Amino acid sequence: MSALIGRRAALRWVHLVLGGALLTPFFLLALVVVTTAAPGGGPRHTALLQFTAFAVALPAAAVTALVPVVRVLESAAARALCAGAAGELATAPARSWSARRRTALWFVLHLSLGGVVSGMSLAVPPAVLTLLLDPDNVGLERYFGPHPPALPLAAGLLALPVLVSAGAGAALARTAPHLLGPTPAERLAEAEQRAAVLAQRNRLARELHDSVGHALSAVSLQAAAARRVLDRDPAFAAEALAAIEETARAAVAELDTVLGLLREEEVTGSGGPTLAHLDVLLRQLALTGVTVTTELGPGITDLADLDGTLSREAYRIVQEGLSNVLRHAGPVRADLRIDRREGHLDVELTNPIGTGRPGRPGGGRGLRGLAERADALRGRFTAGPVDSGTAWRLAAELPLDALDGRP
């Protein structure tokens, strides 16, 4: 019973009446045209003209629905009034002709069903009132005799628009997602946009993790080293404090770059450190006790030659790898080898496994971020213990053509 006279039924009736109201100007214009084209009199002729005007008004309404913004308005009305409409309704104007045709079909369906329900809602109450007040003069004698059953007939007549409204409202609710929902092309474009946003978020997360995370780790260890030797070796403490200042300044600059990307601002400069800045990173780590031996393969004469996206990503890989050495192995010796061969840039970092330094709560994102960096450049990344578990090896193989078309 609630489906016929409940809140949902009332909302759907309002939605249908709205369709009838939207049909009215098209119907009146069509009625003027058909009356002018076929003048005449009589009840049958008048009824024929009205049905003809109804049929002529719907194509005119369909043409109006080709306006892109109509889909937004109809979706909003269906979402608010066509209660129970399952599925996603579009929120953007119809840009493609496929979406416009579907919107036009929905508009015609909405207006036609709304016109029928509105007409019945206007005609039935006066008819019922007349039947109840004067049942002997409504022309039903030939069907029911001189005294027609007014009350049952009135009840049936009142039930007719209720049933029609419930059926029409349910039909519109089922049809709305198919005609007002996004087209397959729009769904694909939306999925691609979501994937691009997710990729950008992951990129920003990697940048923040690798730059700011490394800086905080280095600063904390450099500060601890300076505190331990402050009294007996002021010169070393001063050098460590200078390194802290340099690390913090670089971290602030990189953070500003990342925030510029987040705000979709145009980032000036290189967009982050590259392998050409590797000596600064190694000098900072040396103050924490991590000694890095760097070897350049025969395919590389100068790290500055690799400036660009490839060099920045390789720098981040080295930076995160050395940060992990600092966090997990402590002040140990690490071996770094960088080479260019067979169309790839190879980065390999090995270090002895430490004696078990405490990890950070919520850690473990670094290696996953490095793998994502390599995947983004169509490269390969591996990390794990070697030499019977006594050492840790991190290796990345990045294709040199990752520079093509990249900033």
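**Exercise 1. A helix and its two faces**

How many residues does helix H4 have, and what distance does it reach from its first C-alpha to its last?

Solution. Before starting, note that this is a predicted model, in which local features need pLDDT of at least 70 and side-chain atom pairs count only at pLDDT 80 or more, while totals for chains, interfaces and linings use all residues. Residues are numbered from 1 along each chain as its sequence is written, and side-chain values use heavy atoms, with hydrogens and water left out.

Step 1. Helix H4 spans residues 69-81, which makes 13 residues, and reaches 19 Å from its first C-alpha to its last, close to the 18 Å expected at 1.5 Å a residue. The expected span is 1.5 Å times one less than the number of residues in the helix. Helices (H or I, at least four residues) and strands (E, at least two) are DSSP runs, numbered from the N terminus.

Step 2. Val-70, Arg-71, Glu-74, Ser-75, Ala-77, Ala-78 and Leu-81 are the buried residues of H4, where buried means under 20% relative accessible area, exposed over 50% and partly exposed in between, with a 1.4 Å probe and protein chains only. Because these residues cover an arc of only 165° around the axis, they lie on the same side of H4; the arc is that of the directions from the helix axis to the C-beta atoms. An α-helix has 3.6 residues a turn, so residues three or four places apart point the same way.

Step 3. On the face of H4 turned away from its buried side are the exposed residues Leu-73 and Ala-80.

**Exercise 2. The order and pairing of the sheet**

Work out the strand order of the open sheet, its edge strands and the sense in which S1, S2 and S3 pair.

Solution. Step 1. The open sheet has five strands in the order S1-S2-S3-S5-S4, with mixed pairing; two strands pair if DSSP finds at least two bridges between them. Strand S1 (291-296) and strand S4 (380-386) are the edge strands, each pairing on one side only. On average, neighbouring strands of this sheet are turned by 15° against each other, direction ignored.

Step 2. S1 and S2 pair in the parallel sense over six bridges, with Thr-291 opposite Arg-333 in S2 and Thr-293 opposite Asp-335 in S2.

Step 3. S2 and S3, by contrast, pair in the antiparallel sense over seven bridges, and Ile-338 stands opposite Val-347 in S3. These two strands form a hairpin with two residues between them, and Glu-342 in the turn has a positive phi of about 50°.

**Exercise 3. The largest nonpolar core**

Which elements supply the largest nonpolar core, and where does Leu-322 make its contacts?

Solution. Step 1. A nonpolar core is a set of buried Ala, Val, Leu, Ile, Met, Phe, Trp, Tyr and Cys residues joined through side-chain atoms within 4.5 Å. The largest one has 33 residues, and those touching the most other members are Leu-275, Leu-278, Val-318, Leu-322, Leu-336, Ile-338 and Leu-345.

Step 2. At least two residues of this core come from each of helix H10 (278-286), helix H11 (309-329), strand S2 (333-341), strand S3 (344-352), helix H12 (366-376) and strand S5 (391-399). H11 gives the largest share, nine residues.

Step 3. Leaving aside neighbours within four places in sequence, Leu-322 is in contact (heavy atoms within 4.5 Å) with Leu-281, Leu-282, Leu-285, Val-292, Ala-334 and Leu-349. Apart from this core lies another, of 15 residues, among them Ala-53, Ala-57, Ala-61 and Leu-111.

**Exercise 4. Residues in two loops**

Are Thr-183, Asp-387 and Ser-388 buried or exposed?

Solution. Step 1. Thr-183 lies in the loop between helix H7 (150-180) and helix H8 (184-229), and at 3% relative accessibility Thr-183 counts as buried. Not counting residues up to four places away in sequence, Thr-183 touches Ser-98, Ala-99 and Arg-102.

Step 2. Asp-387 is found in the loop between S4 and S5 and is exposed, with a relative accessible area of 56%. Although Asp-387 is not a glycine, its phi is positive, at about 55°.

Step 3. Ser-388 also lies in the loop between S4 and S5, and at 81% relative accessibility Ser-388 counts as exposed. The phi of Ser-388 is near 60°, a positive value in a residue other than glycine.

Notes:
Axes are lines fitted to C-alpha atoms, for helices over the stretch in contact, and angles run from 0 to 180 degrees between N-to-C directions.
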